[in-house]
Amino acid sequence: MGFSELREWARTSALMGKGYRLLKEGIRRERSRRLSSGPHRFLNRQRGERILLLVIAGYKPWLYRLVFPRLKSFLPDFPMDLCLLSSGRFDPELSELAKDWGCSYLSTKRNCVTLAQNMAIELHPEAEFIFKMDEDIFVTKGCFEALLSLYRRVEEEGPYRPGFTAPLIPVNGYGYRRLLTELSLLERYEEKFERPLTAAGREYRIESDPAAARFFWGEGGEVPPLDALNRRFSGEGLRYEACPVRFSIGFILFRRSLWEEMGRFPVRGGSCMGLDEDRLCSFCMTHSRAILVSENTVVGHFSFGKQTEGMRRFLEEHPERFLSSGEEAERDRKENEKGLKEDEGKREETR
C-alpha cells in the first residue's frame, strides 16, 4: 500500500478517521501558531477586559484627524480594551495617540494583516468579544452598542447561530442597496451608475467608482449626512437581516471562539490583504454561522482601493461632509468667534 493509499485509508476508516482528523487539525493549528509569531512591538496597556476593539491603521494617516476624534466621541460606556494595530510598520503618530488615550499599540515587522490580527488577539487572552475596525471607518453614536446587543440577542433568542455582526455601511456591497431602498433612491442610482445589486466585488461600481462613493458621502445632496442617516435608523426597535453574500469586514464584531474554531486567520505570503474576509465569510457559510447586519446603526466607509484617490480629492474639497455633528458644531462655533473678533477689529479701526 502506497503512502497516498495509506493516507486515504486513515482518513476514511471508521477506526482511524477521527484520530486522523484530530492529528491533521493539530498539525494545522501548530503551523498557524508558528506563522503567528515574529518581530513586533507591543506597548501593553490592556486591563484584561472581556471586550476588545482592534483598530487596524498605519496606511492612511491623512484620515486620522477625522476618524480618531469620531472614535473617541463614540466609544461605548461598557468596559473595553482598545488596541491600535499597524502591520509592517511602526507608526510614531499611532504610538503617541495610544499613549495619550491610555490604550495599547501593536506593530509588526512583517506586513501581513492577518498575522498582526492573530498576534493582537493572542496578546489579549481575556477578550471574549472582538470588534475589528479599519482606519477608514467613520463610527457613529451607538454603533458599538448596537452590534453587541444584536449578537447577544440573536445568540440567546434568534433563529441563527451568529458568525459576526456588522452595521449598515453605505459604501459596501450589501449596505448600499438597503440604504437606497430606505431613501427611495434605487432608480436614481441606476440612472447614475448601474442596477444596484446586493453583491460585493470590484466589478461593481460601488466598490470601484469614486463617483459612487462620493454619491453616498453626499455629493449632489441626495444622500443625507452620515450622522443623520444613523439617527434615521437607530430610532427603531431591534432590526437586522442575515447577509446572503460576501460582506466587506471594515467594522465587525465576532467571538474569540469563532476565531479559534476556524483555526485563526490564515497567514500566507505577501500582505495577506483580504484573507481574513475570505476566511470569515467562507467559514460562516460552510458552518451555518450567520452574517448579521444591524439595521439600527449606520457607519461610514471612506472608500475601496480604486476609489481612494478620487475620494481623497473630494475630502480636501469638502471636509465638512466627514465631520461628526459635534465636530461640525464646534468648528462653526470657532469660525463664528473668529468672525466676531474680526468684525470687532474692523469697528475699532473705523473709530
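1. The largest cavity in this predicted model encloses about 90 Å³ of space. The count of cavities of 30 Å³ or more comes to 1.

2. The lining of the largest cavity is formed by P170, V171, F216, W217, G218, P224, P225, L226, L229, G300, H301 and R321. Two elements, α11 (226-234) and β11 (300-301), each give two or more residues to this lining. By character, the lining residues comprise 8 nonpolar, 3 polar and 1 charged.

3. Turning to the cysteines, a search of the whole structure finds 1 disulfide. The bond joins C112 and C272, whose sulfur atoms are 2.1 Å apart. The torsion about the S-S bond of C112 and C272 is about -100°, and the disulfide is therefore left-handed.

4. Where do C112 and C272 lie in the chain? C112 is in the loop between β4 (104-108) and α5 (113-122), whereas C272 is in the loop between α12 (256-261) and α13 (275-286), so the disulfide ties together parts that are 160 residues apart in sequence. Both C112 and C272 are buried.

5. C103 deserves a separate remark. The closest cysteine sulfur to that of C103 belongs to C83 and is 7.3 Å away, which is too far for a bond, given that a disulfide requires sulfur atoms within 2.5 Å. C103 is buried, with a relative accessible area of 4%.

6. C284 likewise calls for comment. C284 takes part in no disulfide, and the nearest cysteine sulfur, that of C281, is 6.8 Å away. With a relative accessibility of 3%, C284 counts as buried, the cut-off being under 20%.

Terms used: Residues are numbered from 1 along each chain as its sequence is written. This is a predicted model: local features need pLDDT of at least 70, side-chain atom pairs count only at pLDDT 80 or more; totals for chains, interfaces and linings use all residues. Side-chain values use heavy atoms; hydrogens and water are left out. Helices (H or I, at least four residues) and strands (E, at least two) are DSSP runs, numbered from the N terminus. Buried means under 20% relative accessible area, exposed over 50%, partly exposed in between (1.4 Å probe, protein chains only). On a 1 Å grid over the protein atoms alone, a cavity is a set of points where a 1.4 Å probe fits but cannot get out, and a pocket is an open set with protein on both sides within 12 Å along at least five of seven lines; lining residues have an atom within 4 Å of a point. Grid points are joined across faces, edges and corners, and a volume is the space filled by probe spheres set on the points. Ala, Val, Leu, Ile, Met, Phe, Trp, Tyr, Cys and Pro count as nonpolar, Asp, Glu, Lys and Arg as charged, and the others, Gly among them, as polar.
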